[in-house]
Amino acid sequence: MSSPARPIPILDLTRYDEELRRDIGQAVEEVFSSGRFVLGPANEAFEKSLAERLGVRHVLGVASGTDALLVALMALDVGPGDEVVTSPFSFFASAGAVARLGAKPVFVDIDSATFNLDPSRLERALTPRTKAIQPVHLYGQTADMEPILEIARRRGIPVLEDACQAIGATHGGRPAGTLGTLGAFSFYPTKNLGAAGDAGAVATDDDALAALVKSLRVHGSTATYFHDRVGGNFRMDALQAAVLSVKLPRLDGWIERRRAIAKRYDALFADAARTGRLVLPVEAPGRRHVYHQYVVRVADRNALKARLAERGIGSSVFYPVPLHLQKCFAALGGREGDFPQAERAAQEVLALPMFAELTDAEVDRVVSEVLAGLPEA
Ligand SMILES: *Cc1c(COP(=O)(O)O)cnc(C)c1O
């Protein structure tokens, strides 16, 4: 009898090479030598290199992607009585950050092919109370930004991009997170550019908003112990900045590998997709998808997921409950049927193993296990 094949996790954060391990060790050592552990020179260096890479005037490091959304919304003066329009099919923080400020998240259903906010439904959701439009670039592909930006411009509403899953993605050649008024990034370890803990950043070309974010992340102070407004402690640790500075130059290589893996999945699944056994992710024209997740849709998702688990193949559901149906938002009055595309996606999506260190042989095994777990055409 052959020994059972090794499990293939959806993501393996222990597979990083010796060189990276060594460079990170050295960067961490330098932070200890500097004695500056919060918002020190390591942070300035990272902010500068990310700003250069994004081609944006300001990048401000914060403690998480959630804080990036929160502090950006604060800078836009979002508060009680305001509405922020966003996608119901996202990680919780996209709506949680809005609600924490006493504002109301207003949802717009998604486009079923890209899983992102459907701009054709956007205008109907806007009211005189709409303080910001916050598209989410889910799974590593930007939302359909031209019509979103056009509507926002016409109505004079700022756009905050939730680019937490999309660092390195582009839209018409422009980097995700730099298309709107502000962009929020997450460097949670599982993201395409992951820190060794929590971290995030806000990007903007707007000098005044950048100054606000800079002040709000240190309790609204502009000079030490002089507080112009109430902010919070949203600072990034220097250790995280140091790790991220080592990893940033490698991001494009990792993205290329993710794209190659996605291509391989696409090719190997092509016949099954043609006969309708599963639906593959699409890369919309003019967009560079960075495949933070490779997500397929299948009719009996839970059965496939359970079977894959039995066979040692990791998979995940991002996300099983659309935001309008989350218990904590019950008071907003969301009902089943409000956003049919988001609700259907929540039933059907399944993310397969995707990370730069995944081997071709592993991809092939994932594909054969998925195909064996799907009903015949
Ligand atoms: C990860 C994520 C966030 C929050 O980032 P954290 O760093 O985990 O706080 C927000 N929005 C989306 C879409 C995310 O994927």
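The side chain of Ser87 makes a good entry point to this predicted model, for Ser87 reaches the backbone nitrogen of Phe89 at 3.0 Å. Ser87 belongs to the loop that runs between strand 2 (83–86) and helix 4. With a relative accessible area of 1%, Ser87 is buried, since buried residues are those under 20%. Another serine, Ser49, offers a second setting: Ser49 is part of helix 2, which covers residues 41–54. Here the relative accessibility is 27%, so Ser49 counts as partly exposed. Along the chain, Ser49 and Ala203 are 154 residues apart, while 12 Å separates their C-alpha atoms.

The ligand comes next. There are 15 residues around the ligand, and those that come nearest are Gly65, Thr66, Gln165, Ser186 and Lys191. Three of these side chains can be followed atom by atom. In the side chain of Thr66, an N or O atom is 2.5 Å from an oxygen atom of the ligand. For Ser186, the distance between a side-chain N or O atom and an oxygen atom of the ligand is 2.6 Å. For Gln165, the corresponding distance from a side-chain N or O atom to a ligand oxygen is 2.8 Å. Taken alone, the ligand exposes 380 Å², and the protein buries 93% of that area. Two elements give two or more residues to the shell around the ligand, namely helix 3 (65–75) and helix 4 (93–100). Helix 3 provides the largest share of this shell, with three residues. By character, the shell around the ligand is made up of six nonpolar, seven polar and two charged residues.

Aromatic rings are the next feature to explore. A pair of aromatic rings is described by two values, the distance of the centres and the angle of the planes. The structure holds 11 aromatic pairs. In one of them, Phe107 and Phe339 meet edge-to-face, with 6.3 Å from centre to centre and 80° between the planes. Phe107 lies in strand 3 (residues 104–107), whereas Phe339 lies in the loop between helix 10 (301–310) and helix 11 (340–348), so this pair ties together parts that are 232 residues apart in sequence. Both partners, Phe107 and Phe339, are buried. Phe318 and Tyr319 form another pair: their ring centres are 5.6 Å apart and their planes stand at 65°, so this pair, too, is edge-to-face, given that an angle over 60 degrees earns that name.

The two residues of this second pair deserve a further look. Phe318 has 22% relative accessibility and therefore counts as partly exposed, whereas Tyr319, at 15%, counts as buried. Tyr319 is located in the loop between helix 10 and helix 11. Most residues other than glycine have a negative phi, and most peptide bonds are trans. The bond that joins Phe318 and Tyr319, however, is a cis peptide bond, with omega at about 10°. Pro320 also has its place in the loop between helix 10 and helix 11. The relative accessible area of Pro320 is 47%, so this proline is partly exposed. From Pro320 to Val31 the C-alpha atoms are separated by 40 Å, and the two residues are 289 residues apart along the chain.

Positive phi values bring two other loops into view. His219, although not a glycine, has a positive phi of about 60°. The loop that holds His219 runs between helix 7 (207–216) and strand 10 (221–223). His219 has a relative accessible area of 40% and is thus partly exposed. Tyr291 is also a residue other than glycine with a positive phi, in this case near 45°. Tyr291 is placed in the loop between strand 12 (287–288) and strand 13 (294–297), and its relative accessibility of 5% means that Tyr291 counts as buried. Tyr291 has aromatic company as well, for Tyr265, Phe269, Tyr291 and Tyr294 form one aromatic cluster.

One last ring involves a charge. The ring of Tyr16 has the charged end of Arg21 sitting over it, at 4.6 Å from the ring centre.

Terms used
Residues are numbered from 1 along each chain as its sequence is written. This is a predicted model: local features need pLDDT of at least 70, side-chain atom pairs count only at pLDDT 80 or more; totals for chains, interfaces and linings use all residues. Side-chain values use heavy atoms; hydrogens and water are left out. Rings of Phe, Tyr and Trp (its six-membered ring) pair if their centres lie within 6.5 Å; planes under 30 degrees apart count as stacked, over 60 as edge-to-face and the rest as tilted. Helices (H or I, at least four residues) and strands (E, at least two) are DSSP runs, numbered from the N terminus. Buried means under 20% relative accessible area, exposed over 50%, partly exposed in between (1.4 Å probe, protein chains only). A charge sits over a ring if NZ of Lys or CZ of Arg is within 6 Å of the ring centre and within 35 degrees of the ring normal. A residue is near a molecule or strand if one of its heavy atoms lies within 4 Å of it. A polar contact is a pair of N or O atoms within 3.5 Å; within protein, one must be able to donate a hydrogen and the other to accept it, and residues adjacent in sequence count only if both atoms are side-chain atoms. Accessible areas come from the Shrake-Rupley method with a 1.4 Å probe; for residues, only the protein chains shown count as cover. Ala, Val, Leu, Ile, Met, Phe, Trp, Tyr, Cys and Pro count as nonpolar, Asp, Glu, Lys and Arg as charged, and the others, Gly among them, as polar.
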